[in-house]
Structures are given as structure tokens and as C-alpha cells.
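Got your viewer open? Let's take a short walk through this model, one selection at a time.

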Amino acid sequence: MPQAKLSGSDLPGKGELLSSESSFLHRLWRTLIGAPRGLGDKSLFHHLSLIPFLAWVGLGADGLSSSSYGPEEAFRALGEHPYLAVLLALMTVVTVIVISIAYSRIIEAFPSGGGGYLVATKLLGPRVGVVSGSALVVDYILTITISIAAAGDALFSFVPLHFHHWKLTVDAMLLLGLATLNLRGVRESVVALTPVFIVFVLTHLLLISYGIIGHSEELPKMTANICNGFSQGISDIGVFGLLLILLRAFSLGGGTYTGIEAVSNGLPIMREPRVPTAKRTMLYMASSLAFTAAGLLLCYLLWNVSHVPGKTMNAVLAERVAAQLPFSSTFVFLTLFSEGALLIVAAQAGFIDGPRVLANMAVDSWMPHRFSALSDRLTTQNGILLMCGAALGALLYTHGNVSAIVVMYSINVFLTFSLSMLGMLKHWLDRRTEQHWRRQAALFAVGLLLCLSILAVTVWEKFFLGGWMTVVITGALVGLAFIVRKHYGMVYAKISELYQEDMVELAHVPAGEEENSRPLDPSQPTAILLVGSYSGLGIHTMLNIFRMFPGYYKNLLFVTVGVVDSGVFKGEETVEALQQETEKMLDRYLRLAKRLRIPCECDYELGTDAVDEAEKLCRRLHREFPKATFFAGKIVFRRERWYQRLLHNETAFAIQRRLQWSGQTMVIIPARMA
């Protein structure tokens with residue numbers, strides 16, 4: 001069997017005609033997203049994967065950046081009872097610790113990644129899994145939206161109000177720029193954004209530390225005021241009333257905890273060993289988020305910060321703190337600029353994990369299969385483009401209003417959190433014979449209670465203020481997923497029928513292994529059959545070649561492209577595993593073809609684009625077998641619908657067009673679906 005060529009950066013063969021690859025648009029595209037990756041590079045996954053610090057930048061920044069809007073929403077919800085910020089800060093720290101520890105346990109239980117979608121699918125069933133997956137997809141779209149919108153708020157906080165009408169335009173430009181950066185690949189985008197992440201950490205560390213230490217002399221007086229506030233509040237509305245206000249503020253500040261799940265979803269891009277890398281990343285993110293969110297709440301209280309039109313509360317706090325520092329204007333600029341930049345980094349998590357969730361659902365046939373395909377830069381290009389388009393639509397719909405987006409955002413985040421906690425609680429209750437099961441079950445029970453509380457209050461409070469939109473969109477996506485799954489199930493059933501019918505016919509054909517052992521004669525007419533997998537479609541196409549042209553073809557050559565998609569590219573060893581699986585698949589066709597007494601061989605290549613690699617392979621084989629005719633099977637429907645082209649790739653027609661342009665003959669044999 002010929003050795004596969006690990007393609008992805010191969011040059012076109014000799015005599016290949018100039019195509020659109022030499023066009024201006026293609027050269028511009030390559031300039032923006034970079035040259036193709038070579039799958040033959042053994043260090044490829046090592047180069048693309050992330051060490052804990054870079055993972056903290058690319059994924060943990062989603063959680064850390066939520067401190068730019070989560071604490072503000074929570075503090076403003078306290079209204080006339082700002083003294084409750086002390087308890088609110090404590091609850092924030094406890095919640096971050098509980099959820100992060102719970103997700104560290106999820107990482108241990110699911111070391112291959114997948115996050116909330118995989119947890120719900122494996123532990124609660126596929127139907128619950130698709131709800132979690134759909135919620136995650138919408139969540140990551142809104143992650144991008146709210147991060148970009150909040151970044152605009154931060155950057156425009158030191159811009160005069162009469163320039164604020166440009167904010168939405170700037171937000172859209174930032175979104176498109178980040179999407180372009182992600183098309184180059186994950187590691188490049190993370191490395192490029194690392195400096196601003198470091199500046200954010202340093203400026204906010206100084207802001208919070210000085211904000212608290214600078215008021216250390218007034219802490220006794222502040223403590224007395226807080227105690228008086230509690231006493232007055234209890235006398236006015238009672239303990240239960242204060243608890244309701246505190247719970248409402250805690251729930252409406254739920255945006256603070258968003259992004260914690262990003263680490264478990266992004267596990268496939270972690271540097272080996274992945275589980276320790278991911279757990280260390282989670283530790284970095286949880287520690288920084290708890291310190292920043294709780295510290296900002298305390299600083300709001302200590303510095304008597306309130307909302308100012310055209311400015312975020314963090315901007316107001318930075319100006320007041322900086323007034324007592326040298327280089328005050330420079331410090332304010334760096335703080336707000338880094339905050340806006342970090343929010344742009346946070347949108348990165350949506351571009352990293354959103355397409356991965358889509359790809360996982362596509363592999364399970366809940367979404368169109370094309371979303372599992374990688375580009376030649378080894379990024380989930382279709383998913384990135386979809387996330388960009390949907391986030392841009394949400395940005396324009398909400399006019400970049402963070403308060404409106406955060407409501408839509410928090411609902412789906414905590415729906416996913418709740419399902420993950422429920423699944424893991426069930427997991428440990430089913431393992432009551434194992435050691436420490438009570439401790440693990442208690443952890444996830446507490447996490448489930450926290451997440452359900454925030455989800456319920458957010459939906460109740462904000463349903464008619466934008467929450468309904470999230471419910472409708474997520475529900476529609478779930479419904480669409482079931483429709484897609486049903487369609488693929490129908491197609492698979494029809495292909496299985498073809499397989500059974502053809503195998504019955506082959507059962508009556510005597511074996512001819514001796515004839516099959518002869519080498520191919522390149523001077524004889526050769527049928528070259530392109531197959532995607534060992535299935536009823538491939539067998540049906542092979543038999544129809546000899547039904548349509550009895551006795552004409554003396555050689556049979558099976559060829560395929562092993563496609564490296566997001567379900568395959570999860571480590572350095574997976575490309576070799578794909579190569580072995582491809583060889584086994586072709587070997588099954590060879591054994592089956594022996595019954596036809598036709599000399600046969602096989603050939604294949606590996607790559608990220610089936611059409612490009614198939615074209616190169618076919619042109620090479622045509623030079624070796626000048627009397628070759630290429631064949632491929634294609635599912636056809638009685639009534640062609642627009643959505644069928646989205647659900648089923650047009651690979652056969654795309655290859656046919658390219659080969660015909662080069663002067664080769666290719667025949668597409670239909671497999672009819674009712």
C-alpha cells in the first residue's frame with residue numbers, strides 16, 4: 001500500500017493550471033490568516049497547544065474580564081444598601097471557588113475536553129446534551145458580543161460624550177479584526193494579545209491594592225458605618241428584606257462568573273499533560289477572578305463610587321484612586337485601555353470554544369457536518385465565521401448595551417452550569433461505593449444550588465427585559481438540532497438499505513483472489529473510485545461502475561482523503577491514528593473488490609480540505625494511468641432543497657469541476673434518496 005502524503009502545505013503538481021489561488025483575493029487571504037500548516041510536522045500540535053500561562057490569557061481572560069461589568073451590575077442592584085457589598089464580595093469569592101473546584105473535577109472526569117456539552121451528553125443523555133450544547137453556542141456568541149461591547153464602554157470612558165455615537169462602529173471593527181486574527185490560528189491570536197493581559201493584571205492589582213490599603217486609616221469609621229447600615233436596614237425592611245436584596249444583587253451580578261467553564265471546553269488545545277495544565281489554568285483564573293471581583297466591590301464601597309453617565313464604575317474608581325497617585329492621567333489611561341483590551345482578549349474564548357462546541361455537535365450529527373471541518377490553518381473556520389456573524393448581529397440588535405447583553409448572556413451560562421452540576425451530582429450518586437463520594441456529591445450539590453438560584457432570579461427579574469430573547473433563540477437552536485439529527489438519521493438509514501441490497505448481490509459472486517493479485521496495467525482502462533468511508537454509498541457506486549460499463553475497465557483503484565477535522569486533531573498521535581484508520585477502510589474495499597476478479601489497488605492522502613487533496617491525488621494518478629476515468633458517489637433527493645446543500649457537502653461536484661477544467665473525465669453516480 002502506498003505511503004500517504006501528509007498534505008496541507010504541498011505545492012501543486014507539475015502542469016497544474018493557474019487557478020484562483022493566484023488571485024489577488026487569495027493572496028490577501030493568505031496574508032491575513034497565514035500559510036497552510038503542514039500535517040507532516042511532528043511538532044505541529046506542540047506548537048499550536050497552549051501552556052498554562054497562555055491558556056490563562058486565551059481562556060482565563062474570559063472569566064477575569066467579567067470583573068469589568070459583573071461587579072458593577074451587582075453593586076448597582078444594591079441600590080440604597082451599598083453596605084451589603086461586604087457580604088456580596090464574600091459570596092462572590094465563595095461562588096468562584098465552588099464553581100472552579102467543580103469544573104476542575106469535571107476536567108479530571110473528562111480529560112478529552114468537551115465541557116458542558118460532553119458532560120450533559122454522557123451523564124444526562126443526548127437530548128439533555130443538545131440543550132446544553134445549544135446554550136453553550138449562544139453563550140459563546142454572547143461572550144464575544146458582551147466582551148466587545150464592554151471593551152467599547154471602557155475605551156470610550158475617557159472620550160467626550162459627543163463622540164460616543166462612534167462606539168458601535170468601533171465595536172464592529174474590533175469584532176471583525178479579532179475574527180481575522182482567529183482565522184490565523186489559536187496560539188498566534190493568544191500570543192499577540194498577551195502584553196495587554198499583563199498590563200491589565202498589573203494596573204488592576206495596583207488599583208485594588210491601593211484602593212483598599214489607601215483607606216486603611218478609615219476602616220474603623222467605615223466598619224461603624226457598615227454596622228449602622230445593617231442596623232438601619234433591618235429596622236426598615238427586616239432581615240428577610242435585606243436577604244432578598246442581597247440575593248437579587250448576587251444573581252444579577254451573575255456575569256461575574258461567566259467564563260469559568262471555558263477552560264474545560266478548551267482542553268483539547270492544552271499542552272500535554274492536558275489535565276494538570278488545565279487545572280493549573282483554572283487555579284490561575286479562579287484566584288485572579290475572586291481577587292479582582294471582590295476587590296472591586298469593596299473599593300466601590302470604600303470610595304463611595306456611583307454610576308456616572310458615559311463612564312463605567314471602574315473608570316470612576318480609577319480616576320478617584322489615581323488622583324492620589326503620581327502620573328494620574330497615565331495610570332487612568334493604562335487601566336481603562338488594558339481593561340478594554342482584556343475584554344477583547346475575553347472575546348477570544350468565544351472564538352476558541354464556540355466553534356469547538358459546534359464541531360463536537362457536528363460530529364454527533366446535531367449540526368451540519370461541515371462545522372467539524374478544519375481550515376488549512378487548522379482552525380474551525382466555518383465555526384469562526386458563524387460566531388463572528390452571529391455576534392455582529394447581536395451587537396447591532398442591542399446597540400452595544402452591556403446591561404441588555406449581560407442578561408441574555410447570564411441565562412445561558414447558568415443553564416449550562418446547572419446541567420453540568422446536575423450531571424456530575426448524578427455521576428457521584430451512582431458511585432456511592434467509591435471513596436469520598438459524599439464529598440464530591442456535596443460539592444456538586446452546592447454548585448447546583450448556587451447556579452439554579454442565579455438562573456431562576458435572572459429569568460424572573462429580566463425575562464421581559466431581554467431574557468425572553470435568549471430563551472427563544474436557544475429553544476430555536478435546540479429545535480434546529482433535532483431537525484438536523486433526524487435528517488441525517490434518515491439518510492444513514494437509506495444508505496444502510498443500499499448496503500444490504502448490494503451485499504446480497506455480492507454474496508452470489510464467486511471469489512477471485514488469484515486474479516486480484518495481479519499488478520495493475522497502466523495501459524489498460526482504469527476506474528478510479530473516490531470514497532469517503534466504507535459505507536453503502538461506496539459499495540453501491542463500485543458495483544454501478546461495472547453495471548454501467550460491463551467488461552470495459554481492467555483496473556480498479558480506490559482513493560480517498562483522510563480528512564483531519566476537529567474531531568480528529570486533538571493531539572500529536574491522532575494524525576497517525578487517522579492514517580491507520582484510513583488504511584483499514586481501504587483494505588476493506590480491496591477485500592470486497594476481490595470478488596469482482598478485477599486487479600485493484602488503493603491510494604490516499606491526509607489533509608484538512610478534501611477537495612484540494614483529492615484534486616492533487618487525482619492529477620498524480622492520471623499521469624500514472626492515462627486511460628483513467630474518475631468516479632464518485634453522490635446522494636441525490638427527489639426534490640432538492642436549499643438546506644440539503646448545507647447539510648451535505650458538495651465534494652463530488654467540486655472535484656468534478658476541477659478535474660474537468662484540467663481535462664480529466666469524472667462521472668458522478670447517484671444514490672437516490674426518497
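How do the residues lining the second largest cavity divide into nonpolar, polar and charged? The split is 6 nonpolar, 3 polar and no charged. Keep in mind as you click around that this is a predicted model.

To see that lining for yourself, select P71, A74, L88, T92, F250, G253, T256, Y257 and L297. Two elements each give two or more residues to the lining: α4 (70–77) and α5 (85–109). The space they help enclose, the second largest cavity, has a volume of about 40 Å³. With a threshold of 30 Å³ or more, the count comes to 2 cavities.

Now head out to the surface. Select Y397, F463, F464, W468, V471 and V472, and you have a nonpolar surface patch of about 640 Å². Color helix α18 (residues 467–506) as well, since that helix supplies the largest share of the patch, 3 residues.

Stay on the patch and zoom in on F464. You'll find F464 in the loop between α17 (437–462) and α18. Is F464 buried or exposed? F464 counts as exposed because its relative accessibility is 72%, and the cut-off for exposed is over 50%.

Last stop: pick S533, in the loop between β2 (526–530) and α20 (536–548). S533 has a relative accessible area of 37%, so this residue is partly exposed. Now add T582 to the selection and draw a distance between the two C-alpha atoms: the separation is 8.3 Å, although S533 and T582 are 49 residues apart along the chain.

Definitions and conventions:
Residues are numbered from 1 along each chain as its sequence is written. This is a predicted model: local features need pLDDT of at least 70, side-chain atom pairs count only at pLDDT 80 or more; totals for chains, interfaces and linings use all residues. Side-chain values use heavy atoms; hydrogens and water are left out. Patches are made of residues with over 30% relative accessible area and no salt bridge: like charges are joined within 9 Å, nonpolar side chains (Val, Leu, Ile, Met, Phe, Trp, Tyr) within 5 Å. Accessible areas come from the Shrake-Rupley method with a 1.4 Å probe; for residues, only the protein chains shown count as cover. A salt bridge is a side-chain nitrogen of Lys or Arg within 4 Å of a carboxyl oxygen of Asp or Glu. Helices (H or I, at least four residues) and strands (E, at least two) are DSSP runs, numbered from the N terminus. Buried means under 20% relative accessible area, exposed over 50%, partly exposed in between (1.4 Å probe, protein chains only). On a 1 Å grid over the protein atoms alone, a cavity is a set of points where a 1.4 Å probe fits but cannot get out, and a pocket is an open set with protein on both sides within 12 Å along at least five of seven lines; lining residues have an atom within 4 Å of a point. Grid points are joined across faces, edges and corners, and a volume is the space filled by probe spheres set on the points. Ala, Val, Leu, Ile, Met, Phe, Trp, Tyr, Cys and Pro count as nonpolar, Asp, Glu, Lys and Arg as charged, and the others, Gly among them, as polar.
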